[in-house]
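Here is a quick walk through one protein model, going from the overall fold down to single residue pairs. Keep the viewer open and follow along.

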Amino acid sequence: MKSFGFTLIDLLTTLAITSILLGLGLPNFNQQLQNSKVKTATETLLSSLELTRTKAVATSSRTTLIKQTTWENGWEVFIDKNNDGIRDSDEISFLKHEKLTGVRIKANSHINNFVSYVSTGESRNANGTSSAGAFQAGTFTICPEGKGKGYELILSRGGRVRQHEISAQDCAMI
């Protein structure tokens, strides 16, 4: 009588080949996962900036995007009735984004705490006294916690935001 099945050598050979293939593919998978987190964080922040600008124009009032202690800890979009760049309890919040993992976000000094738009769609510094204020422009740099490429979101004087890819060496410097 003939038996069917696998021998121990067949199973060990299959296991060895599978281990080699996983060993080769797993680093690439981790890199792809890291790149995906950075791209998602960039797109999410860009979307929030665009929402802030759109709400400012649509409601004809100053609308502000403010960080939660750090940009990695999340942010919030609200109508800034008193033009001070700080969300008070009576100010309407449109969006609250939670903490991000696996990424670092650095903003230069002009937009380190918030980005605020006036009814014309221009980014203006919130000064607490009027809906005017100095123009606000700057750069967000979004990079992985480890090594890898990242992105910059560049806020122009007119309030528009453009995206630019940066190298792993640029990310290593922040």
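## Overall fold

Two helices and eight strands make up the secondary structure of this predicted model. Reading from the N terminus, the order is α-β-β-β-β-β-β-β-β-α, with a helix at either end of the list and the strands between.

The overall dimensions are worth a look before zooming in. The C-alpha trace spans about 95 × 35 × 25 Å along the principal axes. The radius of gyration is 23 Å, whereas a compact globule of 174 residues would come in near 16 Å. As for burial, 34% of the 174 residues count as buried. The accessible surface adds up to about 10,300 Å², and carbon and sulfur atoms account for 57% of that. Take the contacts between residues at least 6 apart in sequence: 55% of them join residues at least 24 apart.

## The sheet with β1, β2, β3 and β5

One open sheet has four strands in the order β3-β2-β1-β5, paired antiparallel. Its edges are β3 (93-97) and β5 (114-117), and each of these pairs on one side only. On average, neighbouring strands here are turned by 15° against each other, if you ignore direction.

Now go through the pairings. Strand β1 (residues 63-68) meets β2 in the antiparallel sense over six bridges, and Thr63 stands opposite Ile79 of β2. The β1-β2 hairpin has one residue between its strands, and there Thr69 takes a positive phi near 60°. On the other flank, β1 pairs with β5, again antiparallel, over four bridges; Thr64 has Ser116 in β5 as its bridge partner. Four bridges also link β2 and β3 in the antiparallel sense, with Glu76 partnered by Lys96 in β3.

How enclosed is strand β2 (residues 70-79) by the rest of the structure? Eight of its 10 residues are buried, so β2 is largely enclosed.

## The sheet with β4, β6, β7 and β8

The other four-strand open sheet runs β4-β6-β7-β8, and its pairing is antiparallel as well. Here β4 (103-107) and β8 (161-166) are the edge strands; each has a single partner strand, so one side of each is left without a neighbour in the sheet. From one strand to the next, the twist averages 20°.

Edge strand β4 pairs with β6 (residues 138-144) in the antiparallel sense over five bridges. Two of the residue pairs are easy to pick out: Arg104 has Cys143 of β6 as its bridge partner, and Lys106 stands opposite Thr141 in β6.

Which residues of β4 make up its covered face, and which its uncovered one? Val103, Ile105 and Ala107 form the covered face, while Arg104 and Lys106 form the uncovered one. As background, side chains in a regular strand alternate between the two faces of the sheet.

## The disulfide

How many disulfides does the structure hold? There is one, formed by Cys143 and Cys171 with their sulfur atoms 2.1 Å apart. The angle about the S-S bond is -80°, making this a left-handed link. Cys143 sits in strand β6 and Cys171 in helix α2 (residues 168-172), so the bond ties together parts that are 28 residues apart in sequence.

Are the two cysteines buried or exposed? Cys143 has a relative accessible area of 0% and Cys171 has 1%; the cut-off for buried is under 20%, so both count as buried.

That makes Cys143 a handy residue to click on in the viewer. Cys143 is the bridge partner of Arg104, and Cys143 is also joined to Cys171 through the disulfide.

Notes:
Residues numbered from 1 in each chain as written. Predicted model: local features only at pLDDT ≥ 70, side-chain atom pairs only at ≥ 80, totals over all residues. Heavy atoms only, no water. Pairing = 2+ DSSP bridges. Axes fitted to C-alpha atoms, helices over the stretch in contact; angles between N-to-C directions. Rg over C-alpha atoms; globule rule 2.2 N^0.38 Å. Buried < 20%, exposed > 50% of the residue type's maximum accessible area, 1.4 Å probe, protein only. Contact = heavy atoms within 4.5 Å. Areas by Shrake-Rupley, 256 points an atom, 1.4 Å probe, with all protein chains shown as cover. Disulfide = S-S within 2.5 Å.
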